Amino acid sequence: MSALSGFRILELSNGVGGEYCGKLLADLGAEIIKIERPGSGSATRSLSPFAPGVDGVEASGLFAYLNTGKQSVTLDLSGAAGRAALAQLLTRVDAVIDDHAPGWLADIGLDPAQLSQCHPALVLCALTAYGQSAPPERRHAEDLNVMHSSGWAFHTPSASPPSSPPLKGPGRFLASYESALDAALCVVAALYEREASGQGRF
């Protein structure tokens, strides 16, 4: 028996951070239902490395690694039918993982500020670079922005001449992987706390 056996988690993520968080929770035994856009699917499907001789949305090795052990469901959350299906899913899951820009959750009817009123037992985890109240210029930050604004790139420079400012930190998605690990730990803690209190958490 695994630590999260019996827990069902809905993953709305579209990037490395949220998908790696979901992978870690799947590795602990949780059932992960991943929502993907019709047609192109998750944005990580377009990221290399690509399997030789494989075309289309199944070619990304990164996507395969991040999403092993999950169930993928295609759902158009921009329309009424997709939102209705999402509302039904929310009644059957223990937690939700998301890594879209601030404001996206509210746009699809899952406003973090109203979470306890609509879904009192739900655990909602939102991975964002600067929080839900980030100013507009920081809402779509990538790993590179986080590495520099935190000072991480200066502390651990990679492939930069000593006389120049570092251009990037080590690793391709290091900030995303680190945030995913922290998020997964928080989700596990919140789920176990909910077993005692009956209350979800954002």
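Student: Where do helix α1 and helix α8 sit relative to each other in this model, and at what angle do they cross?

Tutor: Their axes come within 8 Å and cross at roughly 45°, with α1 covering residues 16-27. Keep in mind that this is a predicted model.

Student: What makes α1 oblique to α8?

Tutor: Set the angle against the cut-offs: under 35 degrees would be roughly parallel, and 65 to 115 would be roughly perpendicular. The axes cross at roughly 45°, so α1 counts as oblique to α8.

Student: And which hand does the crossing have?

Tutor: α1 passes α8 in a right-handed crossing. On the α1 side the contact is made by V16, G17, Y20, C21, L24 and L25. From α8 come S176, Y177, A180, L181, A183, A184, V187 and V188.

Student: How many residues of each class does that contact have?

Tutor: There are 12 nonpolar, two polar and no charged residues. Tyr and Cys count as nonpolar here, while Gly goes with the polar ones.

Student: What else does α8 lie across?

Tutor: Helix α8, residues 174-197, lies across β1 (8-11), β4 (95-98) and β5.

Student: How do you know how α8 is oriented against β5?

Tutor: The helix runs at about 170° to β5. Angles over 145 count as roughly antiparallel, so α8 and β5 are roughly antiparallel.

Student: What is the strand order in the sheet, and how are the strands paired?

Tutor: The sheet is open, with five strands in the order β3-β2-β1-β4-β5 and parallel pairing.

Student: Why are β3 and β5 called edge strands?

Tutor: Each has a single partner strand, so one side of β3 (70-74) and one side of β5 (123-126) is left without a neighbour in the sheet. On average, neighbouring strands of this sheet are turned by 20° against each other, direction ignored.

Student: How do you know that β2 and β3 pair?

Tutor: Pairing needs at least two bridges, and five bridges join β2 (residues 31-36) to β3. The two strands run parallel, and I35 stands opposite V73 in β3.

Student: What makes the chain as compact as a globular protein of its length?

Tutor: It has eight helices and five strands. The radius of gyration is 18 Å, close to the 17 Å that the globule rule gives for 202 residues, so the chain is as compact as a globular protein of that length.

Technical notes
Residues are numbered from 1 along each chain as its sequence is written. This is a predicted model: local features need pLDDT of at least 70, side-chain atom pairs count only at pLDDT 80 or more; totals for chains, interfaces and linings use all residues. Side-chain values use heavy atoms; hydrogens and water are left out. Helices (H or I, at least four residues) and strands (E, at least two) are DSSP runs, numbered from the N terminus. Axes are lines fitted to C-alpha atoms, for helices over the stretch in contact, and angles run from 0 to 180 degrees between N-to-C directions. Contact means heavy atoms within 4.5 Å. A crossing is left-handed if the near helix is turned anticlockwise from the far one by less than a right angle, and right-handed if clockwise. The radius of gyration is taken over C-alpha atoms; the globule rule is 2.2 Å times the number of residues to the power 0.38.
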